[in-house]
Amino acid sequence: MTTDQNTERTGTVFDIGYQSYAGEREGRSRAWKTMLWDGVKNGMGIGRGGWAKFLPWLVLSPTIATGLVFAALGAFFEQIGFDVDETEGGLPVDLPGHLELTAVISFMILIFAAFVGPELVCPDRRNRVIHLYFVRPITMFDYLGARWCALFILILAASILPHITYWIGLLFGVADSLGHAQDNWLDIPRFLGNGIVFAIFTTSLTIAISSMTDRRMIATLIVIGVIMISTFAELIVNLFELQESISELIALVNLIDINANVMPSIFFGTYNESNDLNMFIPIVWVALLTAGSIFATWSFYSRQR
Amino acid sequence: MAVPISSAPLLEARNLTKLYGNVQALDSASFTVGPGITGLLGPNGAGKSTAIRIFLGLTDATSGSALVMGDDTRDPYARTRLGYMPEHDCLPPNQSAANFLTHMAEVSGIPPSRSRALAADTLRHVGLFEERYRPIGGYSTGMKQRVKLAQALVHDPVLILLDEPTAGLDPTGRTEMLNLIRRIAREFGISVVLSTHLMQDVERTCDNIVLLDLGRVKESSDVASLTQETELIYVEVANNRDRFAAELTNRNIEHTSEGIAVSIPDVDGAKFDAVRDALVASEARLVRMGPRQRALIDLFRSN
């Protein structure tokens, strides 16, 4: 290319000045969807730095890995001659099922919620971006609803992904996949239903606690603290020899136990085998805790506004 | 679909009263805001921020009504036509300006397919195009003010409300911000409400003012009529001001000393001659002599 060609004018840049936006405006529905998707992305650190991605995945990965380990165990026993489904006349084996998987992963998911929940609401108040949201076409109800749904989606995903991994993994691991699917299809609505209830309860509790402070780490520590205190409270009360039904009633303060054992046993139909307390009492208790958390969140934000 | 503009005033306060417990922030304030740049002026505690918060739907009035282009401020739709730049810091430090503005455009109802282009355009207009992918936390105060202004503009509103937009800026930054605000109104066609206690900002920028004091409207008019020329003659001298003042006294000319200058009321032809003679006698070097304009500060003094 010659010097003349370099200096030859091949185009002109025009500043067309400010252009008014004449396109479509989608109003509240777009605002709501944006807040929801932004919450999901923020929760998992998508579009953010490495550290923001590291923590949620650090907690989430072991839950999925647990599902894989459960599936691998099933496949292994099948390979060495045991009959996992106990339908083919081989040596029966009592493998841990979805109920046991729930018990193992529920604490990890509570920790996951403790890290991710504050990430969705605390920075908005700390950086005061929330004031910019409320002068746009969304209401406080929209904002809280979108953030709640984002966390719900993440916790639900964390709750059911290990189960799906286990269910599908075992499907590929056993000799008769079709027979296994036919025999165990009922597990899907069970772990899905349990996951939904667990996600509703945990989301509401985490958002309520996160509403009390604009510092993420403090909110995370409070959530973990509440879980630990509730567990220790039950342990201390259990030191006294109380009636079985009273012990079960007091055990409901233990958030880990509710999520790991009580509610899953209701969904998997094993509650009455090991509990004297009417199953509606834990259901009402969880509903009350959820409603109380939602009310606390709403009243806190109403006062702040 | 573009935002339809009604024939109603952009903002209208009708007997707006706001009580915070026993504290009365607004006391039956009634005023309207039309197109152009309107200064919402008043000392601290005058009720400016409360009025803005009511118009933005962030708080409810105790009594009276506030309308945005004819619609109730509590209607989320009314807020699609407004932009707001708060005084306080409100930016996420870890996000880039481009991502933040894109997000804000979408929260304002702009489809994702258009919001990124709008964000880039808006950042170009406020002079941050080259810096748009840097995290906001690394910006200077002036750049952060521009991002705050850009987020108020990104959805192409009809009216933007700016709360102390020059706060924390150095003189150069302040001039640039005021120039930008003038451009927004003149070139972009977006009306502006400028809430400030800095009268010079209002004098330099605004077409109209609403003066609030103790929650009441003290004055609501156009800036030009409030800063019109007065009957005062302003004589600025480079030296011997005291001798000049003494010569005026000797000639029985009423006057007031103001720094390096002297103000003389009710000047007629004969008085002009006497002032000229006093200047000669005092050997003061004349810098400027002419009718004095009222400053907005006089409004505060008179109230």
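Sheets, helices and the interface of a predicted model

User: In this predicted model, what does helix α1 of chain B lie across, and at what angle to β1(B)?

Analyst: Helix α1, residues 48–55 of chain B, lies across β1 (11–20), β2 and β4 of chain B, and the helix runs at about 115 degrees to β1(B).

User: What makes β2 and β5 of chain B edge strands?

Analyst: The open sheet has 4 strands in the order β2-β1-β4-β5 (chain B), and the pairing is antiparallel. In that order β2 (23–33) and β5 (71–72) each have a single partner strand, so one side of each is left without a neighbour in the sheet.

User: How do you know that β4(B) and β5(B) pair?

Analyst: Two strands count as paired if there are at least two bridges between them, and strand β4 (residues 63–68) of chain B is joined to β5(B) by 2 bridges in the antiparallel sense, so the condition is met. Within this part of the sheet, B:L67 stands opposite B:D72 in β5(B).

User: What is the order of the strands in the sheet of chain B that holds β6, and which strands stand at its edges?

Analyst: This open sheet is built from 6 strands in the order β6-β7-β8-β3-β9-β10 (chain B), with mixed pairing. Its edges are β6 (82–85) and β10 (216–222), each of which has a single partner strand, so one side of each lacks a neighbour in the sheet. From one strand to the next, the twist averages 15 degrees.

User: How do you know that β6(B) pairs with β7(B)?

Analyst: The requirement is at least two bridges, and 4 bridges join β6(B) to strand β7 (residues 159–163) of chain B, the two running parallel, so they count as a pair. The bridge partner of B:M85 in β7(B) is B:L162. Helix α4 (residues 141–153) of chain B lies across β6 and β7, running at about 165 degrees to β6(B).

User: Which residues make the contact between α6(A) and α7(A)?

Analyst: Helix α6 (residues 140–173) and helix α7 (residues 177–184) of chain A pack at an angle of about 145 degrees, with their axes 8 Å apart. The contact is made by A:W167, A:L170 and A:L171 of α6(A) together with A:S177, A:H180, A:A181 and A:N184 of α7(A), and these residues divide into 4 nonpolar, 3 polar and no charged.

User: What is the area buried between chain B and chain A, and how many salt bridges are counted there?

Analyst: About 3300 Å² is buried between the two chains, with carbon and sulfur atoms giving 56%. In this interface 40 residues of chain B are in contact with 30 residues of chain A, and the count of salt bridges between chain B and chain A is 0.

How values were computed:
Residues numbered from 1 in each chain as written. Chains lettered and ligands numbered in written order. Predicted model: local features only at pLDDT ≥ 70, side-chain atom pairs only at ≥ 80, totals over all residues. Heavy atoms only, no water. Contact = heavy atoms within 4.5 Å. Axes fitted to C-alpha atoms, helices over the stretch in contact; angles between N-to-C directions. Nonpolar A, V, L, I, M, F, W, Y, C, P; charged D, E, K, R; others polar. Buried area = accessible area lost by both parts, 1.4 Å probe. Salt bridge = Lys/Arg side-chain N within 4 Å of Asp/Glu carboxyl O.
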